[in-house]
Amino acid sequence: MSDTIDPDGPASDAARRRKATARTAKGGRVTMTDIARAAGCSQATVSFVLNNSPGIRLSQQTRERVIDAARALGYSAPAFSALRKPVPAFEGLDGVIGFAVDQLATSPEAVVAIEGARQASWNAGNVLLVAQTMGDAVMEPRAIAALTKRGISALIYMTIFTREISAPDFLYGLDIPVILLNCYTSDYAFPAVVPSEIAGGQSSTRHLIGHGHRRIATITGEPWMQAAQDRLKGYRRALATADIPFDPELVVEGDWSASAGYAATVKLLALKDRPTAIFCQNDRTAIGCYEALKEAGLHIPQDISVVGYDDEEIARHLFPPLTTSILPHMAMGQWAIEQLEVPPPPGRGRYPITKLECPLVERDSVAAVAGPA
């Protein structure tokens, strides 16, 4: 939107503001509705001002009226706190952070990580510049060189698949801080953050064990991927900790797709002693699993419990809503920005790999095992 928007008239009188203050003093938490009443404007206008929404043009008088009302009522929120701080004028290398990612359009994880970094950057008054490199040996260094010419003061380097990388030579040659996101190097030369996938697989399986399941199957991702390897390790650790024998018959290889989830579930249902629960190692696999179970006339979770992984948007809209684990890419993006304030180790230094938790979100796809397991 680029049109001038100022839907509200002049400032409200002091009596209205005093009434709003009295109401919120009695009622507790201040809301945007309270601020709108005190400022004599719409709630939408309050939201535009307090969130500093781009592309919305309001008069300075309206902005000041909303900010003054929010301050008078004691409104507190991160966006408003940042709004009250003067934004520094950026000169030279200050205030611009580069973000290079190999793939941007093929998966939501990159966008989520960028959003986490964007939020953390803006809270500190910094700008984020993003480049997609496709990991191309020729174009990637050119893309990052273009970022450095823009005057970036730091670089976040992300891969879409979690893995160990051989960092390209040009990363070592940069005279700015470099943070690795969703990847790491064997020499620990850069701060790095990845999801704690082994713990995530263990937590997912342990959740099913906690509901009395012992015949637990899992549908993996592509075995060459570290995420699939680590989630399977977590699955096996949870079984071993609970003294449940590992049965290779209950492990079916998939490729992260719904069609693979469907085919793998059909295979599991054909077993003489079929599972009472299935750990799908991503939510798309779980979609296919749901379809195969329903086609077989089975009910989730009454007949078979299902757990997913990734917490994609679709997970909460399945029927029943899917219990799954959050991939912490938002937190990883925020972490990467926060590391720019951490002093480097003495000398060349070695940075530990930081692993962020993949929290389990409990919904309605898991129930206690029906009858003897």
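1. Just after helix α9, G212 takes a positive phi of about 90°. Helices here are DSSP runs of H or I with at least four residues, strands are E runs of at least two, and both are numbered from the N terminus. The model is predicted: local features need pLDDT of at least 70, side-chain atom pairs count only at pLDDT 80 or more, and totals for chains, interfaces and linings use all residues. Residues are numbered from 1 along each chain as its sequence is written, and side-chain values use heavy atoms, with hydrogens and water left out.

2. Helix α9 has the length one would expect. Its 14 residues should span 20 Å at 1.5 Å a residue, and its end C-alpha atoms are 20 Å apart, which agrees. The expected span is 1.5 Å times one less than the number of residues.

3. How many residues of α9 are buried? The count is 11 of the 14, so α9 is largely enclosed by the rest of the structure. Buried means under 20% relative accessible area, exposed means over 50%, and partly exposed lies in between (1.4 Å probe, protein chains only). Among the buried residues of α9 are E197, H207, L208 and I209. G200 and G201 are also on that list, as are S203, S204 and T205.

4. Strand β8 (residues 277–280) is covered on both faces. A277 and F279 are buried on one side, I278 and C280 on the other.

5. Which strands pair with β8? Strand β6 (residues 216–220) does so in the parallel sense, over 4 bridges. Strand β9 (residues 305–307) also pairs with β8 in the parallel sense, over 3 bridges. Pairing requires at least two DSSP bridges between the strands. I278 is the bridge partner of A217, and I278 also stands opposite V306 in β9.

6. Connectivity next. β8, helix α12 (residues 283–295) and β9 make a right-handed β-α-β unit. Right-handed means that, with the strands pointing away from the viewer, the path from the first strand over the helix to the second runs clockwise.

7. Salt bridges: a search of the whole structure finds 13. The criterion is a side-chain nitrogen of Lys or Arg within 4 Å of a carboxyl oxygen of Asp or Glu. Side chains of opposite charge can pair when their charged atoms come close.

8. D102 and R163 form one such salt bridge, with the closest N and O atoms 3.6 Å apart. D102 lies in the loop between β1 (96–101) and α6 (108–123), and R163 in strand β3 (residues 154–164), so the pair ties together parts that are 61 residues apart in sequence. D102 counts as buried at 8% relative accessibility. R163, at 32%, counts as partly exposed.

9. E115 and R118 form a local salt bridge within helix α6. Their closest N and O atoms are 2.5 Å apart. The two residues are 3 apart in the helix, a separation of about one helical turn. Both are partly exposed: E115 has a relative accessible area of 27%, R118 one of 24%.

10. D273 and R215 form a salt bridge with the closest N and O atoms 3.5 Å apart. D273 lies in the loop between α11 (258–269) and β8, R215 in the loop between α9 (197–210) and β6, so the pair ties together parts that are 58 residues apart in sequence. D273 is partly exposed at 45% relative accessible area, whereas R215 is buried at 14%. Salt bridges that share partners join R215, D247, E249 and D273 into one network.
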